[in-house]
Amino acid sequence: MSEMTKTLCPYCGVGCGLEVSPPGIPGKATNRDSSGAPVWRVRGDRDHPSSKGQVCVKGATIAEALDKNRLKYPMMRDSLDESFRRVSWDEAYDRIVREIRSTLARLGPTGICMYGSGQFQTEDYYTAQKLLKGCLGTNNFDANSRLCMSSAVAGYIQSFGSDGPPTCYDDLDKTDCAFLIGTNTAECHPIVFNRLRKHHKRNRKVKLIVVDPRRTPTAAVADLHLAIRPGTDMHLLNGMAHLLMRWGYLDTVLIDECTAGFGQFAEIIRHYPPELVSRQCGIRLDELEKAARWWGDSDRVLSLWSMGVNQSVEGTATCRTIINLHLMTGNIGKPGAGPFSLTGQPNAMGGREAGGLAHILPGYRTVKNPQHRAELETLWQVSAGSISPQPGLAAWDMIRGLEQGTVGVMWVAATNPAVSMPDLVRTKAALRQSPFTICQDAYYPTETALYSHLLLPAAQFGEKSGVMTNSERVVTYCPQFRDPPGEARADWEIFAEVGRRLGFEREFNFVNAAAVYAEFVSATKGRPCDMTRLSHRRLAEEGPTQWPSPGRPTDPIAKLAHPEPKRLYTDLRFNTSDGRANFAAFHAGGLAEPPNPDYPLVLTVGRLYEHWHTMSRTGHIARIAKKHPHPRAEIHPKDAAKFGIEDGQWLEVRSRRGTSRFLANVTKAIAPGTVFVPMHWGELWAKNSEANALTHPEVCPISLQPELKACAVRVMPATDAVEDEMQPQVAVPQLVSR
C-alpha cells in the first residue's frame, strides 16, 4: 500500500475527503490510540472539493475502531438458542443458496428480502440490485435510507420529475438567507454547518433561520429560532407561503412559464392566516412574519433539511411544500438558492443512483415504468419480464412480512435494524420469527446479530475499493489502503458469488470492483444522473467529480479534472414530461400520535455530535464513549417540576409500546411539552435505554418513511434505577470453533 491514501469519510453524507497513512511511517512516531495500540493516521484532505480539509470528530477518530470487535470469519447456527460455530465460505454460500432455493419453491420471489445500507459503496448497491431485481425477480431490496431520506427522494421526484438535490456546497457561501428546518446541522453535518456559519459571520446581512423544538447548537447561533411544536412544520410552511403571496413576493414569470399546479397550492394556503398559524405552531406572530419577510426580501434563499422533516407521516408533503416556497419566489437554479436535503449516510446518494430502494432501479428509474424495466433487462441480459412491475417491500413491510410468515430469507447487510427500526419490541419479535436471517457486517456483536442464523464478515472502510456520492452529487473514488481482517470480503463480492452459485455465472462475471462500476455507469447513460464519463481510473486520476458527467471527449483535461460545482435546473427546465416543476397542495395534518392526557408529552429523537447511528463503530472509540457514558433525556424545567423530576435523576419514559430509562437533563434548551433522547443506544450498550422501544411504525403514505421523530409519551422518576442497571445485560451468542 502507498504511504498516504486519499479516500472519503464513511460517516454522514457531507462526504469529507480524508488522507489516511499507515501507523508506522519511517522517520515519524507511530500513531497510537488511547490504549496504546498503533492506528492509521487520519486527517482532512485539503484538495477535496466538498470539505476542503475539514473533518469532524467521527472522521478524525475512524482509525481507532478499524480493528476493534471485528467479525473475521463466517459463523453459523441452526437456531437462535445455539452458539455460533465457525464455517468456511463454501459452507456459508451453500447454506444461502439452499435457503434461497427453498424459499423460492415455497413462497416465490417475494419471500426473499434484503435490507441494505447507505454505508454500501455504489458497487455493493448495484450488484445487490442486479441479483434481487434482475435475476431473482423480486424488488424486495430496501435500505436504511428508507428511514433517512425516502421522503426527500419522493419530494424531488414528484416536484421536479427526478431525484437529486439541485444545489451544491458553494451555495453555502452565496446565500442571503439560510432556512434550516428539521436539521441540527451543527452536530449532524458539522462540516456543512461550519462553512455556512463562516459565511454567516462574515456577512452581517445574511440571515440564518432555524426551525426546531430544541435550542440546539444550530439554533443557538440563528438570527431567528422558531421553536415550533413538533408536528406543525406544515402549518409553518403554509403560513409563510400565505404571507409571501399576500405581500406579493411571487416570481410570476417562473410560476406561469415553468411550473404547474400553483392555483391549487394558492387555494390551500388561503386557509393558513398568520394568526392561526402562530397559535398552531406555538410561536409569536412577529416571529412568523419575520421569517416570511426575510425569505421574501432575499434574492437567494437556501433551505436545508434532514431527518426532522423526512421522518414524519407528512414527510413528503413537507419536502414538497419547502420546494413550493422556492418555486413561488424564484429561489431555484441560481447560486445561493434552492432546496437542499442533507443525506445522513456516506453513500445514501449513491444508493439512490444505483436503485437501492424497493420502488426504484439503477439510473434514477422506477420499477413501475415499463420502459425503465426493459432498459435494465437489456443491459443485464435477462429475459423480458424478469423485473417485477410491483414495488418491493419497504423496510417496515419487511418486518410485517416476517410477522405474517411471507418472508423466508431476511438478508441484512451493513445496518442494524434491531436498534434503528421503530417499535423495537415488535421488530425484535418479528426477527425472532424469521426462518433464516443473514447478518452481513464488519463488527460483532451487533444487536441484529443476536437474531441471526448466519454471520458474514464484510470488508469495510479502506478494505475494499469503490465509489461513493455525497449530498452535493460529488462522486469520489475510495481506494483500498489495508487488507480486510481474517476472511472478510467486500459486500459486492459476496452478492456476486451467491449469484454465480445460483446459476447466474454470466451475469456476475465481474473481475473486480472497477468492472462493476463500469457496468453501473453504463446504466446511467442519458439519465438525469448521467455518469458515463466516470470510471475508477478517471476518478483516481482526476479526483472527485460532480454529476451529471456525461462523456465529453472534446473538453480540456484540466477543466474535466477540476469542474466547477454545478446546479441542476439552471435553465428552469425540469425532468417532468412537460418540463415544468409541479407545485404540491397539502393541508397540514399533524402528528400520527399526538399527545393526550395519558401521554401528555411528545418524544423526539436524534443524534449526538460524536456518535453516529447505532454505535457499532463509534461505541468502540474510547474518547467518545467517555464523553457519553449514558444516554440522557432532555426535558424542560416546567415539565420536570410538573412530573417531579430532578436534573441528573434517572427518568422513565413510557409510550404505548414500551418503556426506556435515561438520565434526566433538565434544560430550557427544549420546548415545554417535548422530550428529546438520543437514538444511538441499543441493548448491547445499555439496559432499557432504546429510543425506538418507544416510537411507533406509522409511515408517510407516499415515501413509506416511518415517523421516527415523534410519539406520545409520559415521564416519571425511575426511583429504582441505579447506574449498574444501565450496563448491558444481554446474553451474546458465543463464537466457537468447528
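Two strands count as paired when DSSP finds at least two bridges between them. Keep that in mind for this predicted model, where strand 2 (residues 17-21) and strand 3 are joined by four bridges and run antiparallel. The other topic here is cysteines, and the disulfide count comes to zero.

**The sheet**

- Three strands make up an open sheet, lined up in the order 1-2-3, with antiparallel pairing.
- At the edges you'll find strand 1 (5-8) and strand 3 (41-44), each of which pairs on one side only.
- Going from one strand to the next, the twist averages 35°.
- In general, the strands of a sheet pair through backbone hydrogen bonds, and they can do that either parallel or antiparallel.
- For a spot to look at between strands 2 and 3, try Ser21, which stands opposite Arg41 in strand 3.

**The cysteines**

- Why no bond for Cys56? A disulfide needs two cysteine sulfur atoms within 2.5 Å, and the closest cysteine sulfur to that of Cys56, in Cys9, is 5.9 Å away, so it's too far for a bond.
- Cys56 also counts as buried, because its relative accessibility is 9%.
- Cys319 has its closest cysteine sulfur in Cys700, but the distance is 8.3 Å, so that one is too far for a bond as well.
- Is Cys319 buried or exposed? Cys319 is buried, with a relative accessible area of 0%.

Conventions
Residues numbered from 1 in each chain as written. Predicted model: local features only at pLDDT ≥ 70, side-chain atom pairs only at ≥ 80, totals over all residues. Heavy atoms only, no water. Buried < 20%, exposed > 50% of the residue type's maximum accessible area, 1.4 Å probe, protein only. Helix = DSSP H or I, 4+ residues; strand = E, 2+ residues; numbered from the N terminus. Axes fitted to C-alpha atoms, helices over the stretch in contact; angles between N-to-C directions.
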